[in-house]
Structures are given as structure tokens and as C-alpha cells.
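Reader: I am new to reading structures. Can you take me through one, step by step?
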Amino acid sequence: MIILDTNVLSELLAPAPSVAVETWLAEQQTAAVFTTTVTGS
């Protein structure tokens, strides 16, 4: 299981995302990649 860090998600949404981040994510099994729910207190 891989939980994506906010920095990874932000990078993917950038106008010109890092090729290294895109490549790394493409190499991961889709079923193993997750995000968390945003919660507040």
C-alpha cells in the first residue's frame, strides 16, 4: 500500500509536473496507490 503525500499530488497538478514524479507513479500498481481523507478538528 502506498499513500500519496500531498507533495506528490500537488506536483501532478502543476502546469509542468516533474517527469520523475510522473514516471514513479506510472510504475506503481494502481490498486496499491491511495490518498487519505482530509479531516479537521
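Author: Start with the vocabulary. Helices and strands are DSSP runs, a helix having at least four residues and a strand at least two, and they are numbered from the N terminus. This is a predicted model.

Reader: How many helices and strands does the protein have?

Author: The protein contains 2 helices and 2 strands. Along the sequence they come in the pattern β-α-α-β.

Reader: What are the dimensions of the C-alpha trace along its principal axes?

Author: The trace spans about 35 × 25 × 10 Å.

Reader: How is confidence read in a model like this?

Author: Look at pLDDT, the predictor's confidence in each residue, on a scale from 0 to 100. Here the protein averages 93, and 100% of the residues score at least 70.

Reader: Where is confidence lowest, and where is it highest?

Author: It is lowest in α1, with a mean of 93, and highest in α2, at 98.

Reader: Now the helices. At what angle do α1 and α2 pack?

Author: Helix α1 covers residues 6–13 and helix α2 covers residues 19–26. They pack at an angle of about 115 degrees, and their axes lie 10 Å apart. Angles of 65 to 115 degrees count as roughly perpendicular. So α1 is roughly perpendicular to α2.

Reader: Is the crossing of α1 and α2 left-handed or right-handed?

Author: The crossing is left-handed.

Reader: Which residues meet where α1 packs on α2?

Author: From α1 come Val8, Glu11 and Leu12; from α2 come Val21, Glu22 and Leu25. Sorted by class, this contact has 4 nonpolar residues, 2 charged ones and no polar ones.

Reader: How do I judge whether a residue is buried or exposed?

Author: Use relative accessible area. Under 20% is buried, over 50% is exposed, and in between is partly exposed. In this protein of 41 residues, 7% count as buried.

Reader: Try Trp24. Where does Trp24 lie?

Author: Trp24 sits in helix α2. Its relative accessibility is 34%, so Trp24 counts as partly exposed. Setting aside neighbours within four places in sequence, Trp24 is in contact with Ile2 and Leu4.

Reader: How far apart in space are Trp24 and Thr35?

Author: Their C-alpha atoms are 16 Å apart, with a sequence separation of 11 residues.

Reader: What about the loop between α2 and β2? Is Glu27 buried or exposed?

Author: Glu27 belongs to that loop, which comes before β2 (33–34). Its relative accessible area is 60%, so Glu27 is exposed. From Glu27 to Thr6 is 19 Å, C-alpha to C-alpha, and the two are 21 residues apart in sequence.

Reader: And which class does Thr30 fall into, buried or exposed?

Author: Thr30 is also in the loop between α2 and β2. Its relative accessibility is 72%, so Thr30 counts as exposed. The C-alpha atoms of Thr30 and Glu11 are separated by 18 Å, and the residues are 19 apart along the chain.

Note on methods:
Residues numbered from 1 in each chain as written. Predicted model: local features only at pLDDT ≥ 70, side-chain atom pairs only at ≥ 80, totals over all residues. Heavy atoms only, no water. Axes fitted to C-alpha atoms, helices over the stretch in contact; angles between N-to-C directions. Parallel < 35°, antiparallel > 145°, perpendicular 65-115°, else oblique. Left-handed = near helix turned anticlockwise from the far one by under 90°. Contact = heavy atoms within 4.5 Å. Nonpolar A, V, L, I, M, F, W, Y, C, P; charged D, E, K, R; others polar. Buried < 20%, exposed > 50% of the residue type's maximum accessible area, 1.4 Å probe, protein only.
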